[in-house]
Amino acid sequence: MTDPVVDPVLAAIRRRRVTRAMTDEPVAREQVETILEAARWAPTAGNRHLQRFVATTHPGTLRVLRMVSPGMIARPTAAITVCVDRGLAANYGFRPETPGPWIDVGTATATILLAAQAVGLGAGPVSSFSRAAVGVALDLPEGWSPELIVGLGHPAPQQPGAMTPGRRVTWQDLTRWVPEG
Ligand SMILES: Cc1cc2nc3c(=O)[nH]c(=O)nc-3n(C[C@H](O)[C@H](O)[C@H](O)COP(=O)(O)O)c2cc1C
């Protein structure tokens, strides 16, 4: 097995943790742009790029996002909301129940989390929010559905403990070989 201490990508994957306490220090727009540039390289179903990103460093907008997002424990100084352009998805022939566009949200989010770490920021995905209220707060265009908000900020020195403390799952816990053995 390749040693994660030696390989920088594996090391970054291993090091990344959700940040749930952030300082007031602003995030530079350039940092957000670097993250967005990384996100566009995430793989997408049929290479259709049905995700849309809504970025903000605006304190008032961030305050409203926090108010309508019970899952947002941190006070991020920037956020990227990952949306699906449902109109575009329908135009490409994706049926509403086809999972591809949601999986795209996942690949983009994983990329955003790692890119945030690479530019020295902490990041945390949030799925617990009012979609209707986020749509209004971000003035989302018709057909864009907000699926995940990634809060970004400078990590505070003290972080809350893990959401579900206990033993970390191993890859063996998650994996079944076929054929067995
Ligand atoms: C789809 C998705 C939704 C999540 N929603 C929230 C959320 O609403 N609030 C939150 O604090 N963390 C949220 N998380 C972060 C997970 O709780 C976190 O990844 C998990 O506790 C493991 O922590 P780690 O990533 O630091 O290893 C979400 C993660 C994913 C992938």
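**Exercise 1.** Find where Trp-177 lies in this predicted model, then decide: is Trp-177 buried or exposed?

*Solution.* Start with the location: Trp-177 sits in the segment after α7 (171–174). Next, check the cut-off, since exposed means over 50% relative accessible area. Trp-177 comes in at 55% relative accessibility, so it counts as exposed. Finally, look at its company: Trp-177 joins Met-1 and Trp-171 in a nonpolar surface patch, with about 480 Å² of accessible area together.

**Exercise 2.** Work out which face of helix α3 is covered, and by what.

*Solution.* First pick out the buried residues of α3 (residues 59–67): they are Thr-61, Leu-62 and Leu-65. Now peer down the axis of α3: these buried residues fall within an arc of 100°, so they line one face of the helix. That fits the usual geometry: an α-helix has 3.6 residues a turn, so residues three or four places apart point the same way. Flip to the other side of α3 and you'll find Pro-59 and Met-67 exposed. As for the cover over the buried residues, it includes β1 (51–56), β2, α6 (131–137) and β4.

**Exercise 3.** Take apart the largest nonpolar core: which elements give two or more residues to it?

*Solution.* Begin with the count: this core has 18 residues, and Ile-35, Ile-112 and Val-150 are among those with the most contacts inside it. The elements giving two or more residues are α2 (29–39), β2 (78–85), α5 (100–118) and β4 (144–153). Of these, α5 supplies the largest share, five residues. Then zoom in on Ile-35, whose contacts include Ile-80, Ala-116 and Leu-152.

Technical notes. Residues numbered from 1 in each chain as written. Predicted model: local features only at pLDDT ≥ 70, side-chain atom pairs only at ≥ 80, totals over all residues. Heavy atoms only, no water. Patch = residues over 30% accessible without salt bridge, like charges linked within 9 Å, V, L, I, M, F, W, Y side chains within 5 Å. Areas by Shrake-Rupley, 256 points an atom, 1.4 Å probe, with all protein chains shown as cover. Salt bridge = Lys/Arg side-chain N within 4 Å of Asp/Glu carboxyl O. Helix = DSSP H or I, 4+ residues; strand = E, 2+ residues; numbered from the N terminus. Buried < 20%, exposed > 50% of the residue type's maximum accessible area, 1.4 Å probe, protein only. Core = buried A, V, L, I, M, F, W, Y, C linked by side-chain atoms within 4.5 Å. Contact = heavy atoms within 4.5 Å. Arc of directions from axis to C-beta.
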